[in-house]
Amino acid sequence: MVQGMTGTELAKLMKSDKVPGKDYLIVDVRDEDWTGGNIKGSRNYPSQRFLTEVDDLVKDTKDVSIMIFHCQLSQERGPKAARIYEETCNALHDTNRDVRVLQGGFIQFGESYKNVSPTSYFKDDPELVENWREVIW
């Protein structure tokens, strides 16, 4: 079963000595709603094409131990993609991956780490969020 990951846990992982694309990978399955910002280092695999690309994603990430999926809110597309990814890995008897869903999706992560609060430790942190367009959010 796919577990959740909080934005705080993801931010700590991103700020650690773990290498994106090697130790972990953030998979953004948003479609047209991808415009306006993304989590730094994430890869966009739009949900509309995810089923046709999941086999390649599994093959390309065979050595990545932590996979984090998300969409806008992580209520439908992100969890579904994570489940499909995990089921594909299991069918190949590849069970060495930790598959997670980012709780609250990009909206919550973006608001947490791209807000206007002067007390936010990660405020406007280019290590966490990139391509942010305030006018969209």
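In the predicted model, Gln72 is a buried residue, its relative accessible area being 15%. This value places Gln72 in the buried class because the limit for that class is under 20% relative accessible area. Gln72 is found in the loop that runs between strand S5 and helix H3, the latter spanning residues 77-91. The side chain of Gln72 is joined to that of Arg30 by a polar contact of 3.3 Å.

Gln72 is also touched by Asp33, a residue that in addition touches Arg77, when residues up to four places away in sequence are not counted. Asp33 belongs to the loop between S2 and S3. With a relative accessible area of 23%, Asp33 is partly exposed. The C-alpha atom of Asp33 is separated by 8.8 Å from that of Cys71, although the two residues are 38 residues apart along the chain.

A further residue, Asp31, is located in the loop between strand S2 (24-28) and strand S3 (38-39). Asp31 has a relative accessibility of 13% and therefore counts as buried. Two polar contacts of the Asp31 side chain may be described. In one, the partner is the side chain of Ser47, at 2.6 Å; in another, the side chains of Asp31 and Arg77 are joined at 3.3 Å. When neighbours within four places in sequence are left aside, the residues in contact with Asp31 are Pro46, Ser47, Gln48 and Arg77. Arg77 is thus a contact of Asp31 and is also touched by Asp33.

The strands of the model include an open sheet of five members, arranged in the order S1-S6-S5-S2-S4 and paired in parallel. The edges of this sheet are formed by strand S1 (3-5) and strand S4 (43-44); each has a single partner strand, so one side of each is left without a neighbour in the sheet. S1 runs parallel to strand S6, which comprises residues 98-102, and three bridges join the two. Opposite Met5 stands Leu102 of S6.

Helix H1, formed by residues 7-15, lies across four strands, namely S1, S2, strand S5 (66-70) and S6. Relative to S1, helix H1 runs at about 70°. Two of the strands crossed by H1, S2 and S5, also border the loops considered above: Asp31 lies in the loop that follows S2 and leads to S3, whereas Gln72 lies in the loop between S5 and H3.

Notes: Residues are numbered from 1 along each chain as its sequence is written. This is a predicted model: local features need pLDDT of at least 70, side-chain atom pairs count only at pLDDT 80 or more; totals for chains, interfaces and linings use all residues. Side-chain values use heavy atoms; hydrogens and water are left out. Buried means under 20% relative accessible area, exposed over 50%, partly exposed in between (1.4 Å probe, protein chains only). A polar contact is a pair of N or O atoms within 3.5 Å; within protein, one must be able to donate a hydrogen and the other to accept it, and residues adjacent in sequence count only if both atoms are side-chain atoms. Contact means heavy atoms within 4.5 Å. Two strands pair if DSSP finds at least two bridges between them. Axes are lines fitted to C-alpha atoms, for helices over the stretch in contact, and angles run from 0 to 180 degrees between N-to-C directions.
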